[in-house]
Amino acid sequence: MEKFKSRKYHLTSKLVLLKAINDIYPAFQVVFRNSLNNGVYVTINGKNYITEEEIKKIENRMSEIVAEKKVIKKIQFTSEEITEKHLENIREDLKELLETTGIISFCI
């Protein structure tokens, strides 16, 4: 049970981080690489480095998101639904997932 809670916490943290970055820097494309020792390796496509000021903005936005206490809902789309909706701005890693499995889960 403790492992499940820990996994849920880490997933939620990743979603909050992703939302914060997307809100502040919508042009950034965030890719989660690997998790190691309770940390996460993240790359931001198009950025060689991130400044202390950018980190502070992201941390502040993450705190705001948590304070809002929004509910995270899992929704799923089939490849046909995505094609019908013409989701052209889908990330490359999600395109690959869609091509190999035919389904993508999003959290909103």
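**Group meeting: a walk through the predicted model**

Let me begin at one side chain, Ile-65, which, leaving aside residues up to four places away in sequence, touches Val-16, Lys-19, Ala-20 and Asp-23. Please keep in mind throughout that what we are looking at is a predicted model, so I will come to its confidence before I say much more.

The mean pLDDT over the protein is 76, and 66% of the residues score at least 70. Confidence is highest in helix H2, at 93, and lowest in strand E4, residues 103-107, where the mean is 55.

As for the overall layout, the protein has four helices and four strands, and reading along the sequence gives the pattern α-β-β-α-β-α-α-β. Of its 108 residues, 19% count as buried, and the protein exposes about 8,700 Å², of which carbon and sulfur atoms supply 54%. If we take the contacts between residues at least 6 apart in sequence, 55% of them join residues at least 24 apart.

Now back to Ile-65, and to the company it keeps. Which residues make up the largest nonpolar core? There are ten in all, namely Val-16, Leu-17, Ala-20, Ile-21, Tyr-25, Phe-28, Val-30, Ile-44, Ile-58 and Ile-65. The elements that give two or more residues to this core are helix H1, residues 2-24, and helix H2, residues 52-68, and the largest share, four residues, comes from H1. As general background, nonpolar side chains in soluble globular proteins tend to be buried together.

Two members of that core, Tyr-25 and Phe-28, deserve a moment of their own. The count of aromatic pairs comes to one, and it is formed by the rings of Tyr-25 and Phe-28, whose centres are 4.6 Å apart and whose planes meet at 15°, so the pair is stacked. Is each of these residues buried or exposed? Tyr-25 has 14% relative accessibility and therefore counts as buried, and Phe-28, at 17%, counts as buried as well.

Let me turn next to the strands, where Val-31 in strand E1, residues 29-36, can be read together with Thr-43 in strand E2, residues 39-45. These two residues are twelve apart along the chain, and their C-alpha atoms are separated by 5.3 Å. Not counting residues up to four places away in sequence, Val-31 touches Tyr-41, Val-42, Thr-43 and Asn-45, while Thr-43, with that same exclusion, touches Gln-29, Val-30, Val-31 and Arg-33. Val-31 counts as buried because its relative accessibility is 11%, under the 20% cut-off, and Thr-43, with a relative accessible area of 17%, is buried too.

That brings me to the charged side chains. In general terms, side chains of opposite charge can pair when their charged atoms come close. How many salt bridges does the structure hold? It holds seven, and I will go through some of them.

Arg-61 pairs with Asp-23, the closest N and O atoms being 2.8 Å apart, and this salt bridge links distant parts of the chain, since Arg-61 sits in helix H2 and Asp-23 in helix H1, 38 residues apart. Arg-61 is buried, with a relative accessible area of 15%, whereas Asp-23, at 31%, is partly exposed. Arg-61 also forms a salt bridge with Glu-68, with the closest N and O atoms 3.4 Å apart, and Glu-68 is partly exposed, with a relative accessible area of 37%. Salt bridges that share partners join Lys-19, Asp-23, Arg-61, Glu-64, Glu-68 and Lys-70 into one network.

Another salt bridge is the one between Lys-56 and Glu-59, where the closest N and O atoms are 3.8 Å apart. Both of these residues lie in helix H2, three residues apart, or about one turn of the helix. Lys-56 is partly exposed at 49% relative accessible area, and Glu-59, at 40% relative accessibility, also counts as partly exposed.

I will finish with a backbone detail at Lys-69, which is placed in the loop between H2 and strand E3, residues 74-78. Its phi is near 50°, a positive value in a residue other than glycine, and with 73% relative accessibility Lys-69 counts as exposed.

Note on methods:
Residues are numbered from 1 along each chain as its sequence is written. This is a predicted model: local features need pLDDT of at least 70, side-chain atom pairs count only at pLDDT 80 or more; totals for chains, interfaces and linings use all residues. Side-chain values use heavy atoms; hydrogens and water are left out. Buried means under 20% relative accessible area, exposed over 50%, partly exposed in between (1.4 Å probe, protein chains only). Contact means heavy atoms within 4.5 Å. Rings of Phe, Tyr and Trp (its six-membered ring) pair if their centres lie within 6.5 Å; planes under 30 degrees apart count as stacked, over 60 as edge-to-face and the rest as tilted. A nonpolar core is a set of buried Ala, Val, Leu, Ile, Met, Phe, Trp, Tyr and Cys residues joined through side-chain atoms within 4.5 Å. Accessible areas come from the Shrake-Rupley method with a 1.4 Å probe; for residues, only the protein chains shown count as cover. pLDDT is the predictor's confidence in each residue, from 0 to 100. A salt bridge is a side-chain nitrogen of Lys or Arg within 4 Å of a carboxyl oxygen of Asp or Glu.
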